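Let's work through some exercises together. Take a look at the sequence and the structure, then try each task before you read its solution.

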Protein chains: 4
Amino acid sequence: MSGKLRIGLLGAGRIGKLHGTNIQNFVPEAEVTILADPFLNPDMEAWAASIGIPNCTKNPEDVFASDEVDAVFICSSTDTHADFIIKAAAAGKHIFCEKPIHTDISKINEALAAVKKAGVKLQVGFVRRFDRSHKAVRDVVASGKLGKPFVVKVCSRDPGAPPMEYVKVSGGIFLDMMIHDFDMVRYLSGSEVTEVCSTGAVLVDPRFADYGDVDTAIVTLKFANGAIGVIDNCRQAPYGYDQRVEVLCEKGTVQDNNHLENEAFVSTAETVESAKPTYFFLERYNDAFVSETKAFVAAVLEDAEVPVTGKDGLEPVRIAIAALKSLKEGRPVKLDEIEG
Amino acid sequence: MSGKLRIGLLGAGRIGKLHGTNIQNFVPEAEVTILADPFLNPDMEAWAASIGIPNCTKNPEDVFASDEVDAVFICSSTDTHADFIIKAAAAGKHIFCEKPIHTDISKINEALAAVKKAGVKLQVGFVRRFDRSHKAVRDVVASGKLGKPFVVKVCSRDPGAPPMEYVKVSGGIFLDMMIHDFDMVRYLSGSEVTEVCSTGAVLVDPRFADYGDVDTAIVTLKFANGAIGVIDNCRQAPYGYDQRVEVLCEKGTVQDNNHLENEAFVSTAETVESAKPTYFFLERYNDAFVSETKAFVAAVLEDAEVPVTGKDGLEPVRIAIAALKSLKEGRPVKLDEIEG
Amino acid sequence: MSGKLRIGLLGAGRIGKLHGTNIQNFVPEAEVTILADPFLNPDMEAWAASIGIPNCTKNPEDVFASDEVDAVFICSSTDTHADFIIKAAAAGKHIFCEKPIHTDISKINEALAAVKKAGVKLQVGFVRRFDRSHKAVRDVVASGKLGKPFVVKVCSRDPGAPPMEYVKVSGGIFLDMMIHDFDMVRYLSGSEVTEVCSTGAVLVDPRFADYGDVDTAIVTLKFANGAIGVIDNCRQAPYGYDQRVEVLCEKGTVQDNNHLENEAFVSTAETVESAKPTYFFLERYNDAFVSETKAFVAAVLEDAEVPVTGKDGLEPVRIAIAALKSLKEGRPVKLDEIEG
Amino acid sequence: MSGKLRIGLLGAGRIGKLHGTNIQNFVPEAEVTILADPFLNPDMEAWAASIGIPNCTKNPEDVFASDEVDAVFICSSTDTHADFIIKAAAAGKHIFCEKPIHTDISKINEALAAVKKAGVKLQVGFVRRFDRSHKAVRDVVASGKLGKPFVVKVCSRDPGAPPMEYVKVSGGIFLDMMIHDFDMVRYLSGSEVTEVCSTGAVLVDPRFADYGDVDTAIVTLKFANGAIGVIDNCRQAPYGYDQRVEVLCEKGTVQDNNHLENEAFVSTAETVESAKPTYFFLERYNDAFVSETKAFVAAVLEDAEVPVTGKDGLEPVRIAIAALKSLKEGRPVKLDEIEG
């Protein structure tokens, strides 16, 4: 491929705007040539114009049909992801798709089959893999210098609960929130999850129970390489976005601390106060969003392997379904029990 | 009681010597008047003399019978703890007993009944409650200023695996090692454990499997107050004694870092290096051992409640038995299933 | 002023490119309409095109004469700053000027007089004021909650020495490097420096002595508000860019730590290793460069006061000249001795 | 020497009690056989009895004359130190003397001559050399792995100002407080100070000025090995005892953080709070006091060199006198100007 990678952006919601802005400002090897959003409005058009996106449409088909699109960024609502993948693949476009591909495994498999058949590239938006601290942890593990992984731990908490309208349709804490952590443990351990066991509670807001959901959950995991692990999630951490990972290995442990708003601290007769963790994912994973896009663009332009594959999109969904089953049935669930 | 608290020390092994030295050097309100150890040897006698213990005997009965003993410190082998409690109680002596009281719940109950009948005080040696950092965490939770506890987390790892001779008789990772953490979660949460679910693996040394034990374990917990929790243990953390706790509450989280050998750090073109965590429990909980003894002595002298009760000795054993059952049966186990 | 602030960029060296890119990518309220560089070459033109700068010229006069320029960014060589300020002021353009304005105080005064006469705005590029950690320190001091400042400390070290060609013309450690710290102590203390006393040494590279310069220096300071302070500089800190400030006040102290490359750390039997400080000013002050530009643009568009004034450009030069005099004469030097 | 080192303790004020208690409780190779204090009272006698000191006297001569004394600990008022050294040396006793030996250099020289003539050992009580963090910093420098020292920095602040009665007779901030830091920079750098330049201010309490003293001071230093350095002191740091050192070397920097009261920290929506530094020298240097005594006892028993010599007692006094002269005369002062 010569010249810039030409991108069709599907969706101009929060995440679509984030990717669009990043591509236009920070990824000189790519450019957004068209934006499609069925709810396209003047604000979206003004935003598109302000960052130099030349075309806007309400019809996603315009993107798939365009000669000026080499790749698509699927940032539309979750239920459309799989279908858009299938259409993009049929049109021979490379695909960056926000997570999750779908919450229905057979639909994911259908999409992955279409990608395979078309021979296009598909990268899934597990952005945390591109965070500099998490990546540093993983690189130490992957280097092998600490020996075999023994215990993989992820602590992941949002600053506050989402609106109940969102909870209603989110698919629940495992599919919506912990899915990132299911990806993270695979990334950190370099191994597949074979069994999960869930514990959960409704502590933040009783309305989570109305939707059959929990707001606080701990899931233990077994890995194919023999390691074990644990993830804890909570929908409410008023001090900010709590994102810490650790891998205890044979010869030592590697972990990371939260990123803070700044490095100042004040010491008085009463206390020592420092800055809080960065507020939420936009603040914490700001750089990582750019990095994942650069990685996708480079993989396409250089015809290399994408760093987060279709299988990486599928497995966390399977683990999330297993975790939900474990919670409902009050027993450990093997991944074998879940459609693959 | 007037004057110093006169203590009969039962056992001059590692932990007995530790307590004896602490009492003589750091607890001016108490003095050891007699040491009993069935394996009494010249080294032990020399040690006793060096710190001013005036009498030594091979016969524990001499301690129970002595008019110069107000309280006993039971630092003998675990299998003798319950019987020594019963004898001390019958003799009207107050009792400090190393953990665990026994691994058989009915035996513990028998000992507690004897204590109750005699009206003496019994404090169990869960020393970590007296660590300044863990105590600071608990004090924040207990103050209520962070609201209700949501998630209780304990990470506890030994620097290296014990000798296999010890593993053979230790009762396994839950009764020997994680029992401290079962105490810790009760202490931190201010609530009782109602259910546990265990995951374990043999990763450090395959010989653990020979004894039906695991060397790495994660246990999730449910508490009566609605909170959930998780403990992770590993027999091998080559970087030192890893002892971290956290309680996520409604309004924030409180946690602690490891204590380091020193606060120096070196920055070069290659790396930034700081000191490691303190090596093991003698280094980390050195001050805490003194504090627990002072607390016991004060409780006796002032006729106040001891800070770690007989029930505090019983419950962690019940939780450990439940955790072992969970591991064996591959399912969550309610504490109700375990003899109370 | 309606619409975007139209900026003429003077100089396309490292710092010019940095500002140009920042304006085009991160400051939607502004746009670069023309670039002037006497050494304009195809690479610069390509860079300008890639970020959407429509016009390039070798002649700075084109910028001053342009109707499409509301403000200039002076990023040319130091010796041109004052003259460009005078010309821009005469043309009624607002001015952002990189530091230092000049190393000759009368020339600075001439430039400031021109600015005053023209009634345009002038902001000087002391970028560290916009660093989130330093700013947090200063905000605590300025809030008054710690009471009066007692001691102001700045530690500032470059990762490695600059090329000797640069040392030859840089003006020396005080005018080239410590000048940032002279600005910082004024910013942190909210007070003027009244006296300095310098100590210096040639430790990094003996060739510094060939140019009458030192490569390591410590300067103590007295402030008009009674506080005292100290700055230490070294041209070589192989572990990265060391940038730490502290203000001890009546009721406590406020300080900051370095920013690290990431927050991961590895603990082994040998050591605990964490990430190093960010490498140099581009890494550390990346965000601050954007913030200072946004602040300038906002000040012009809203006709508000600029956050770093002409006086803020003048005073650090006077302090640097005093510090150099102190080093040469081996005595404390009062600022009164230096032309104002 | 066979058996325990028998120590005569001179002075039962705060520091005398500290050393006496440490020897009796933590230094099994030594024992205090006699206490002398001209102001001996029943409380002191009770204290002596409680830790097993068999003899008490008001007359220091009883100590020098005793056959049961191998070494003396001089913990009396500063003005008596030199005379007691001379008397102890004449009596053939080894000597541990609290700092400073005297504030009059000829008196120090007289004492050191007496020690030399008698061939006894003399260790001066610069306790901070035995702090585990400062020692770790020094050990890195001394190892040579970071190359030559460039900059030596010490920050040392007391939590609060002493009573004015003490200020009146203390000899001033340089002889009373910064003298520890003058010792520290010699210890850290492994080199002699050749020149100092002082800056000071009265900021904490105006009454310091009444005694010709300052309460806040910064002293820059030059070392024989070419390094330069800076010490900052303040009589008031309400957040606790601030004790930080750093040595920037050719290949990196080594520094230490304060020791904290505990390692817990609380994160809320408002702030992140951690524990404060340890309160004052008794808390911070608690372990170091024991270590210095063990080192002295070992040096005597094994006839090895003491770790803090008579010269180490003399030089900081010379530096302090030079620093005071620099402050008074407003100019750098070479150590050559001070009697040696």
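A salt bridge is a side-chain nitrogen of Lys or Arg within 4 Å of a carboxyl oxygen of Asp or Glu. Keep in mind that this is a predicted model.

**Exercise 1. Salt bridges**

Task: Find how many salt bridges link chain A and chain B, and check an example against the cut-off.

Solution:
- Step 1. Begin with the whole structure, where a search over all chains finds 116 salt bridges.
- Step 2. Now turn to the pair of chains: the count between chain A and chain B is 6.
- Step 3. Test one pair. The side chains of Glu246(A) and Arg244(B) come to 3.1 Å, N to O, and form a salt bridge, since the cut-off is 4 Å.
- Step 4. Look inside chain A as well, where Arg157(A) and Asp242(A) form a salt bridge through their side chains at 3.3 Å, N to O. Arg157(A) belongs to strand 7 and Asp242(A) to strand 11 of chain A, so this pair ties together parts that are 85 residues apart in sequence.

**Exercise 2. The contact between chain A and chain B**

Task: Describe the contact between chain A and chain B by its residues, and say how much area the two chains bury between them.

Solution:
- Step 1. Count the residues: chain A gives 40 and chain B gives 40.
- Step 2. Consider the area. About 2900 Å² is buried between chain A and chain B, and 67% of it is on carbon and sulfur atoms.
- Step 3. Ask who contributes in chain A. Phe150(A), Leu203(A) and Ile228(A) lose the most area to chain B, together 19% of what that side buries.
- Step 4. Add the polar side of the story: 12 residue pairs are in polar contact between chain A and chain B, both residues being at pLDDT 80 or more.
- Step 5. Locate the strands. Several strands of chain A each supply at least two residues of the side that touches chain B, among them strand 7 (149-157) and strand 12 (252-256). The largest share of that side, 6 residues, comes from strand 9 of chain A.

**Exercise 3. Reading a sheet**

Task: Which strands lie at the edges of the open sheet in chain C?

Solution:
- Step 1. Write down the order of the 6 strands in chain C, which is 3-2-1-4-5-6, with parallel pairing.
- Step 2. Look for strands that pair on one side only: these are strand 3 (55-57) and strand 6 (122-124) of chain C, the edge strands.
- Step 3. Follow the twist, which averages 25° from one strand to the next.
- Step 4. Zoom in on one pairing. Strand 1 (residues 5-10) and strand 2 (residues 30-36) of chain C run parallel and are joined by 6 bridges. Within this pairing, Leu9(C) has Leu35(C) as its bridge partner.

**Exercise 4. Comparing two copies**

Task: What turn lays chain A on chain C?

Solution:
- Step 1. A turn of 180° with a shift of 0.0 Å along the axis lays chain A on chain C, with an RMSD of 0.0 Å.
- Step 2. The two copies are therefore related as by a two-fold rotation axis.
- Step 3. Find the C-alpha of chain A nearest the axis: it belongs to Asn25(A), 2.6 Å away.

**Exercise 5. Unusual backbone spots**

Task: Where in chain A does Pro100(A) lie, and what is special about the peptide bond before it?

Solution:
- Step 1. Recall that most residues other than glycine have a negative phi, and most peptide bonds are trans.
- Step 2. The bond from Lys99(A) to Pro100(A) is cis, with omega near -10°.
- Step 3. Pro100(A) sits in the loop between strand 5 (94-97) and helix 5 (105-118) of chain A.
- Step 4. Check phi too: Asp303(A), although not a glycine, has a positive phi of about 50°.

Conventions:
Residues numbered from 1 in each chain as written. Chains lettered and ligands numbered in written order. Predicted model: local features only at pLDDT ≥ 70, side-chain atom pairs only at ≥ 80, totals over all residues. Heavy atoms only, no water. Pairing = 2+ DSSP bridges. Helix = DSSP H or I, 4+ residues; strand = E, 2+ residues; numbered from the N terminus. Axes fitted to C-alpha atoms, helices over the stretch in contact; angles between N-to-C directions. Least-squares fit on C-alpha atoms with pLDDT ≥ 70 in both. Contact = heavy atoms within 4.5 Å. Buried area = accessible area lost by both parts, 1.4 Å probe. Polar contact = N/O pair within 3.5 Å; in protein donor to acceptor, adjacent residues only side chain to side chain.
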